[in-house]
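I opened this entry to look up how the interior is packed and how a few polar residues sit in it. The notes follow in the order I checked them.

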Amino acid sequence: MNLVWLVLFLFLCIGRYTEGGLTNEVVNIGAIFTFSTINGKVAKIAMKAAEQAVNSDPSVLGGRKLAITLHDSNFSGFLSIVGALQFMESDTVAIIGPQTAVMAHVLSHLANELHVPLLSFTALDPSLSPLQFPYFIQTAPSDLFQMTAIADMVSYFEWREVIAVYSDDDQGRNGITALSDILAERRCKISYKAALPPEPKATRAQVFDELVRIKMMESRVIVLHTYSKTGLLVFDVAKYLGMVESGYVWIASAWLSTVLDSTTVSSKTANSIQGVITLRLHTPDSKKKREFLSRWDQLSNGTIGLNPYGLYAYDTVWMIAYAVKKFFDQGGNISFSNYTTGTGLLGGKLNLGALSIFDGGQQLLQNILHINMKGLTGPVRFGPDRSLLHPAYEVINVVGSGFRQIGYWSNYSGLSIVSPEMLYAKPPNRSRANQQLHGVLWPGEITKRPRGWVFPNNGRQLRIGVPNRVSYRDFISQEKGTDDLHGYCIDVFTAAVALLPYAVPYKFVLFGDGLENPSYNQLVYKVFSNDFDAAVGDIAIVTNRTKFVDYTQPYVESGLVVVAPVKKSNSSAWAFLRPFTPLMWAVTAAFFLIVGAVVWILEHRINDEFRGPPKKQIVTMLWFSFSTLFFSHRENTISTLGRVVLIIWLFVVLIINSSYTASLTSILTVQQLSSPIKGIETLIASNDRIGFQVGSFAENYLSEELDIPKSRLVALGSPEEYATALESGAVAAVVDERPYVEVFLASHCKFTIVGQQFTRSGWGFAFPRDSPLAVDMSTAILALSENGDLQRIHDKWLKNKICSDNSQLEPDQLQFKSFWGLFLMCGIACFLALLVYFCMMFRQFSRKFPEQGPSVHGSSHNSRFQTFLSFVDDKAGGSKGNSKRKREDTPFDSIDREEDESRNGSRLNGNTRL
């Protein structure tokens, strides 16, 4: 506010003072622009055309005249302030302008005090907040949307870093700040900001120095956010330095499209902007717009071409006109009152009464914000945030002496190849798959998307951190007396670098003291803190490390496994019992007896082979049940139920027999090893000590993920320490990554992997987040895998030597839990068969021996039960001794005969009683 009072003091010192105002017959509007600029020239013509159109339509202001007074600020902030003060004292109801955001910030304070709306279609600084400047209105889309469009293009072409070149004024700085924030949301960033002096003060030497500095950097995607004079100077110098050639990407903000639309570009300028992408404010096609375009040459006398800012200038005048019309319709009257708020300041030396407050300013402001009209730029309405609805841009590619449109950007659906108006009727879709642009002709006349970065041409080599290992030196080791490194990981890295389509200057830097393996977490953090440009080695890809760095595609699979000592299992006379657990043996034997008993019950009454003296029946039942093990039972089953049970039982026997044979074969033919440790679950459940490799992530995984106390963990530094600790019993097992374990077991045959691998990961090279080199290296590693080079490198360094004592761990015994489903199925079949059988017997018994009424003797129930047992034990009628007959009878014939006997027996009983 001190700046405002200083400005007021300067103005009052001029001695300008008037009192009163004009009548309501004339509505005064001011306009502050630099009319020697492209947008100033176009705006002047468009505003005067709009003024004429308003005044020629008496229905707008009801016979009143709209008077636009133009003030040329001539790039001077001071002259802009003087012009604004002149308007404030001449009963001006609104001011169009200023042209730059710098003056918009200053004059908005003045507008706030005097209640005069300030409307600008060129001061589009995103930081001009309506909360801070309620009387300032942007009548064209804010640069926030333009920066969003640029960020969407950067993301669409999959670039991660850009360089921003901008004019160092409010609009330039704040626009680039907004771009930085939006890029960060898309995991991109501005790697360098090159600030140039404000328009038009930038010199060729200043531009040259900045571009030379940029040329030495990594990124080749350059965003140019400035004004026409400075922008064309930048391209001229860039052309001289060879920066508008193949590999470079230039994205210019909307200033370049105004140059292309409104001026005739010279051949020199055209050559310097070939392949550049720029944005142009999109205005939908309409009859009103076409008519205005047809009149433009007449309005401008052919001196300058029309650009979108001219359309917004025209619409801005009409917005004020419609707002004033509504103001009068609401009964408003243009009146001003003297400014008295600060008259007591500065000791009364300033006569602030020279300034007038617009009494209807708040009402006019609200009328403008609630405008709803259709102008040259399309439908004009403001949203709740006071920005125009549906901001959109056209994406333009400079080609030859002109340009071609390659798509659109809208805040509704992002990048598209169809006009935004066609998308507004559909649901918004900002998905990546829906973002589209036509092909681009890039600088250097190439159509392939530039990579967007190169290694900086500053003589600096990439510092590649390499773990200084003291064990497992097949992976990484240093040649004694030299700085040369070799090993599996080094060969994979150098082979991948050789496949890159560009040279990579680098040098290896050992990390660690050489006394013990270094911490790989610390190595990865060195990449995150930019101490190293990358890390190469046997670096496991684990979750906590991916929070700080990006990994390449894994070049070898890895994961944690358990290594334990084993001993040979001696064969014995009872080896044939080892395939099954005791419980499995017991359950199997029990089911042999159960099935034999069930079949005997089902066959006893109708089958002679299951009848006879008790001793014979017991022997028959046992012989039948156990002979099914070899499918050699001689007894025939006649009943349907018995055959169903037998079929199911034979299926169970087949499975058990096959499993037993396979397990016993393995036990007797392969030398077996045994270990009390069966896997990671055994270790977790026990209190045994566990070894791990120094520097490995296994320590954190065991303690943090598996909750194993650190007191049980023992750090081991080499394969020799592994073997010593396991043999002496200092640790029960060692947990390490599979590649290390495979190398260890190649020379230590007394140990083996027990259980399953319980984590899945891989080894990769670590790069800083969003490093483009990580992506290219991943592609190279995939190429190595496809052409077989990766396997050849693996075989060269890590092909395991086969132990002379080739052994394997004893397989687990077959347990009941593996077969309980079969036994359950067989048990259910037996139960249902018995249930059906006894229901049938009870039905036949009830028919043959009906109850005689109430009994007076308590023993009648016991005698009836005994009678039932005798009935069940008795042989059914008809001879079943003929085996041929038995084979010919169907299961249903036996049931029919039993029912006939039951009926005959009932009739005989009745005759006896008679």
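Below are my entries on the nonpolar cores and on two polar residues.

**Cores.** I am working from a predicted model. I looked up the largest nonpolar core first and found 145 residues in it. Leu211 and Trp250 have the most contacts inside this core. I then checked which element gives the largest share, and helix α13, residues 308–329, supplies 14 residues. There is also a second, separate core of 85 residues, with Val509, Phe532, Val542 and Leu713 among its members.

**Leu211.** I listed what Leu211 touches, leaving out residues up to four places away in sequence. The list holds Val234, Val237, Ala238, Leu241, Met243 and Trp250.

**Asp125.** I placed Asp125 in the loop between β4 (118–120) and β5 (136–138). Which charged partner does the buried Asp125 have nearest to it? The nearest side chain of opposite charge is Arg173, 7.6 Å away, and Asp125 has no salt bridge. I did find a polar contact of 2.6 Å between the side chains of Asp125 and Asn174. Beyond four places in sequence, Asp125 touches Ala101, His105, Gln138, Ser142, Asp170, Gln171 and Asn174.

**Ser108.** I found Ser108 in helix α5, residues 101–114. Ser108 counts as buried because its relative accessible area is 0%, and the cut-off for buried is under 20%. A polar atom of the Ser108 side chain lies 2.5 Å from the backbone oxygen of Ala104. With residues up to four places away in sequence set aside, Ser108 touches Leu118, Phe133 and Phe136.

How values were computed:
Residues numbered from 1 in each chain as written. Predicted model: local features only at pLDDT ≥ 70, side-chain atom pairs only at ≥ 80, totals over all residues. Heavy atoms only, no water. Core = buried A, V, L, I, M, F, W, Y, C linked by side-chain atoms within 4.5 Å. Buried < 20%, exposed > 50% of the residue type's maximum accessible area, 1.4 Å probe, protein only. Helix = DSSP H or I, 4+ residues; strand = E, 2+ residues; numbered from the N terminus. Contact = heavy atoms within 4.5 Å. Lys, Arg positive; Asp, Glu negative; His and termini not counted. Salt bridge = Lys/Arg side-chain N within 4 Å of Asp/Glu carboxyl O. Polar contact = N/O pair within 3.5 Å; in protein donor to acceptor, adjacent residues only side chain to side chain.
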